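User: Could you look closely at how the helices pack against one another in this chain, and then follow the picture outward to whatever local details can be supported?

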Amino acid sequence: MRLDVATIRRGCPNCEIRSYRHLCGAELDHFRSAAKADGPLTVACTQQAAQFTGEIDERPGGISFVNIRETAGWSRDGANAGAKMAALLAAAEIPAPDYPLVTLSSDGVILIYGQDEAAIEAGRLLADHLNVTVMVKQPAGVTPPAAAVFPIVKGTIRNARGHFGAFELTIDDYAQPRPSSRDRFVFEAPRNGASSRCDLVLDLSGGAPLFPAHDLRDGYLRADPRDPAAVLRAVLTARDLVGSFDKPRYVDFTPSLCAHSRSKLTGCHRCLDLCPTGAITPDGDHVAVNADICAGCGQCAAACPTGAASYALPPADTQLQMLRAMLLAYRDAGGADPVLLLHDSGHGTPLIDALARHGDGLPANVLPLVVNELTQVGLEAVIGVFAYGVAAVRFLLRAKPRHGVTGLLQTIAMAETILAGLGFDGRRVATIETDDPDILADQLTGIGPLAGLETPATFRTVGKRGDLLRFGLSELHRLAPKPVDVIALPAGAPIGAVTVDAGGCTLCLSCVSACPTGALRADPERPVLKFVEDACVQCGLCQSTCPEKVITLTPQIDFRARRAPARVIKEEEPALCVRCGTPFGVKSTIDRIATKLEGRHWMYPTGDRRTEALRMCADCRVIVMSEQQFDPIQDVPERAPPRTTDDYLRQRENKD
């Protein structure tokens, strides 16, 4: 392949670029010399990464490896791929921070769940390596083995939960075989509700998976019993799953930022709706993320409006820094109208390799970037890359994804709405769902002539997703072809306003107490409700909490909101204490309460001085009641016992 070193140097001006023809062979000494120097070192060869790594001991600056062959040089456009090579090298310079690990352990206790002799045969293959129990759903006609090497029982799994090293199963129709079984198994009387614990589950039942997104459940292996090769692969995998294993803690969760619920009223539930494995569950006013079950799809972090859930492989700001370095280097090297192709390593990388080896390769303006999971990419990344000058973004998905991608599709829908509203024509953000490299090539060449910004932004980003999104939107609006002030967004967007029917609002300020971000605010000096749109994350807690049900959510972007002061939604005259003059409530509300109670309630007879207490602050009310020696229990009419707060809450829940 051709190496345009001059172009690469223009894109990476602060780096020392050296090119070789046989660095892994005759010119290996040049690598050894470079490895002894201080500072980061990037080798643009992944094929011989093991050889290069083996040549040196641990190096303080580390070594990065970048593939510029299958992704750039091996292409029909390879002669013009110098700017792309510079972009790939620049992205590799951004270091990813370390991430925490979760340790899972297995003692090798495995349950093999099947229908017939196939499960028993799998047990024989694993008996010398694991602690095996075989459970057969339909044992009719199964001949008992001559020697009981491992337990064989009958049963049907009704429910399964847990994770690698700690599975818990509930079993119906459970029974053990009689030792006198001769030509076929004869079982004792069955019972339902039996429980079993194991480290691993090998499911050869041929039925529905025991877990949602079962491919992502560590320790749960499933194969079609009619496919001997698949069964053998599952057996070989299970054989090695003994001991302790580390996996990333994909999601960092901060409960104090969660906007899930307040006072048993549900607000935001985006992560609960999107998690494919069930690793996220309600936990009081927030949710809990089970790191042992979490498979790292990242949809919770991409959708979380408050930043309570954040992804670690890499964090959102690091990912955007990589994209920034890539796109700025591409532009500095003379590249134009880049198309960003986001893909994963398990599916996208082999597809790109096949296209490079057996097809035309990637076009010169298509910049591939591998991510851990495509669904981890949030709106802040998509908006950011368009501000940096990208012309289009494509997500390379499997023809049949291993888990739901609803969160990603929602992100794409929001991004398309924003870009169209700002004057970006054409289909700018989309998925490519294929397992065929030729279809990938057709989809990329069919994107058409889309142009990026003539003068892209260069801003640097640090912070949580919300901060990155706000700044990216501000920069994109500043540079957009047709900037507008307000863009309506699809339902569920994490940006927007609240609309309040001021006529029905009583200024109880329940919404202010529930708001987790301070978007709804009160004033300690007067009865007023204010709203700061830039802080609203559309969690819905205000809407759920409002007793008058006068609040509705309005998903939108108002680009003026970032600089706008708090907007007054409703303001009323304060109620002044008739005894000390201290403001203590809303005058209209106090008047309404007094009118309803005076002469209509046994505690407040018409003309009685006691009614004045209704127009007093809390302190004066206590003083007056004490002076009058008022006993609130005396003279209570014979009726049902007084209602408590719990009674009112139960009534409200039933009403809702």
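Analyst: **Helix packing and its surroundings**

Helix α11, residues 348-358, and helix α14, residues 437-445, have axes that come within 9 Å of each other and cross at roughly 85°. At that angle the two helices are therefore roughly perpendicular to each other. The model is a predicted one, and what follows should be read with that in mind. On the α11 side the residues that take part are Leu-351, Ile-352, Ala-354 and Leu-355, and they meet Pro-437, Leu-440 and Ala-441 of α14.

Helix α12, residues 379-387, has another arrangement to describe, and its packing against α15 is a good place to begin. The axes of α12 and α15 come within 8 Å and cross at roughly 30°, so that these two helices are roughly parallel to each other, and the crossing of α12 and α15 is left-handed. From α12, Leu-379, Glu-380, Ile-383, Phe-386 and Ala-387 enter the contact, and they are met in α15 by Arg-465, Leu-468, Leu-469, Gly-472, Leu-473, Glu-475, Leu-476 and Leu-479.

Helix α12 is also packed against α13, which covers residues 406-421, with axes that come within 9 Å and cross at roughly 35°. Here the crossing is right-handed. The α12 residues that meet α13 are Leu-379, Val-382, Ile-383 and Phe-386, and their partners in α13 are Thr-411, Met-414, Ala-415, Ile-418 and Leu-419. Leu-379, Ile-383 and Phe-386 of α12 are thus listed in the contact with α13 and are also listed in the contact with α15.

Within α15, which runs over residues 465-479, Glu-475 deserves a closer look. Glu-475 counts as buried because its relative accessibility is 12%, which is under the 20% cut-off. The side chain of Glu-475 makes a polar contact, at 2.8 Å, with the side chain of Arg-478. Setting aside residues up to four places away in sequence, Glu-475 touches Ala-387, Ala-457 and Phe-459; Ala-387 is one of the α12 residues that meet α15.

The cysteines can be treated next. Since a disulfide requires a pair of cysteine sulfur atoms within 2.5 Å, the count under this rule comes to zero disulfides. Cys-294 is in no disulfide, and the nearest cysteine sulfur, which belongs to Cys-300, is 6.1 Å away. With a relative accessible area of 10%, Cys-294 is buried. Cys-536 is likewise in no disulfide, the nearest cysteine sulfur being that of Cys-542 at 6.5 Å, and Cys-536 is buried as well, with a relative accessible area of 10%. A further cysteine, Cys-304, is placed in the loop between α9 (299-303) and β17 (309-311), and its relative accessible area of 19% makes Cys-304 buried. The C-alpha atom of Cys-304 is separated by 37 Å from that of Ile-171, which is 133 residues apart from it along the chain.

After strand β17, the backbone holds a cis peptide bond that joins Leu-313 and Pro-314, with omega at about -10°. Pro-314 sits in the loop between β17 and α10 (316-332). Most peptide bonds are trans, and most residues other than glycine have a negative phi. The second part of that expectation is relevant to Ser-263, whose phi is near 55°, a positive value in a residue other than glycine. Ser-263 belongs to the loop between β13 (261-262) and β14 (265-266), and at 63% relative accessibility Ser-263 counts as exposed. Lys-264, also not a glycine, has a positive phi of about 65° and lies in the loop between β13 and β14. The relative accessible area of Lys-264 is 74%, so this residue is exposed.

A last loop residue, Thr-611, can be set beside these. Thr-611 is found in the loop between α18 (587-597) and α19 (618-627), and it is buried, with a relative accessible area of 11%. Apart from its neighbours within four places in sequence, Thr-611 is in contact with Glu-598, Tyr-604 and Pro-605.

Methods: Residues are numbered from 1 along each chain as its sequence is written. This is a predicted model: local features need pLDDT of at least 70, side-chain atom pairs count only at pLDDT 80 or more; totals for chains, interfaces and linings use all residues. Side-chain values use heavy atoms; hydrogens and water are left out. Buried means under 20% relative accessible area, exposed over 50%, partly exposed in between (1.4 Å probe, protein chains only). Helices (H or I, at least four residues) and strands (E, at least two) are DSSP runs, numbered from the N terminus. A polar contact is a pair of N or O atoms within 3.5 Å; within protein, one must be able to donate a hydrogen and the other to accept it, and residues adjacent in sequence count only if both atoms are side-chain atoms. Contact means heavy atoms within 4.5 Å. Axes are lines fitted to C-alpha atoms, for helices over the stretch in contact, and angles run from 0 to 180 degrees between N-to-C directions. Angles under 35 degrees count as roughly parallel, over 145 as roughly antiparallel, 65 to 115 as roughly perpendicular and the rest as oblique. A crossing is left-handed if the near helix is turned anticlockwise from the far one by less than a right angle, and right-handed if clockwise.
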